[in-house]
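Me: Please take a close look at a single strand and its surroundings. Keep it brisk.

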Amino acid sequence: MANQVEPLKIGILGGTFNPIHVGHLMMAEQVRDFFSLDRFLFMPSATPPHKKEKKTIDSVHRQEMVRLAIQNHPCFDLETYEIENGGVNYTYNTIQALKEKYPNAIFYFVIGADMVEDLPNWYRIDDLVQEVHFIGINRVSASLETPYPISILKLPLIEISSTMIRKHVNMKKSITYYVPESVENYIMKHKLYVENEGFMHVE
């Protein structure tokens with residue numbers, strides 16, 4: 001009898017990562033450790049389907065900042081499928097593509113509590129919950145109650161957001177320790193999130 005190959009347990013954290021910050025990294029690491037995941041994919045979005053009219057800087061910068069932030073972690077990887085596909089990518093379709101790329105994998109899709117509340121509005125959600133294992137992370141002022149099957153992981157609440165970091169940069173306030181040093185250096189080198197520098201978008 002041939003030996004069966006154990007499926008890879010792969011975590012996924014999607015988002016604009018505009019920019020990625022230590023809150024993202026701490027959440028991913030805690031999920032990876034708690035669920036004994038083999039790999040963890042950071043997947044920048046091209047156009048977020050769940051946040052209408054949300055604008056971001058060029059994806060080249062966002063994915064490079066993710067790459068810099070995770071480069072020293074042996075289990076963290078950058079997944080560029082949605083950036084390369086472009087436009088609005090619905091999670092159900094993305095998972096179908098990832099299943100072709102990783103045919104022997106179980107996917108754990110990480111979402112914040114604000115996304116948990118919005119699950120009923122996700123494209124083909126009834127089919128999607130058959131394809132991935134959702135993990136909901138607690139956030140301030142958001143409920144984790146949902147009719148859909150998800151695992152809840154409660155982590156220490158860290159009041160860091162990409163919006164706050166963009167505003168700090170624009171106001172010339174320190175972002176040291178909010179983002180990895182490599183990401184801070186990249187933001188400063190390319191003058192991201194600064195008004196009148198071409199690719200500014202603070203809000």
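Reply: Strand β2 (residues 39–44) pairs with β3 in the parallel sense, over 3 bridges. Strands here are DSSP runs (E, at least two residues), helices are runs of H or I with at least four residues, and both are numbered from the N terminus. Two strands count as paired if DSSP finds at least two bridges between them. This is a predicted model: local features need pLDDT of at least 70, side-chain atom pairs count only at pLDDT 80 or more, and totals for chains, interfaces and linings use all residues. Residues are numbered from 1 along each chain as its sequence is written, and side-chain values use heavy atoms, leaving out hydrogens and water.

Across the β2–β3 pairing, leucine 41 stands opposite aspartate 77. Phenylalanine 42 faces leucine 78, also in β3. β2 also pairs with β1, again in the parallel sense, over 6 bridges. There, isoleucine 12 stands opposite leucine 41 of β2.

The wider sheet is open and has 6 strands with parallel pairing, in the order β3-β2-β1-β4-β5-β6. Its edge strands, β3 (76–78) and β6 (150–153), each pair on one side only.

Now the helices. Helix α4 (residues 91–101) lies across β1, β2 and β4, at about 150° to β4. Such angles run from 0 to 180 degrees between N-to-C directions, with axes fitted to C-alpha atoms, for helices over the stretch in contact. Contact means heavy atoms within 4.5 Å.

How much of β2 is buried? 5 of its 6 residues are, where buried means under 20% relative accessible area with a 1.4 Å probe, protein chains only.

Methods. Buried means under 20% relative accessible area, exposed over 50%, partly exposed in between (1.4 Å probe, protein chains only).
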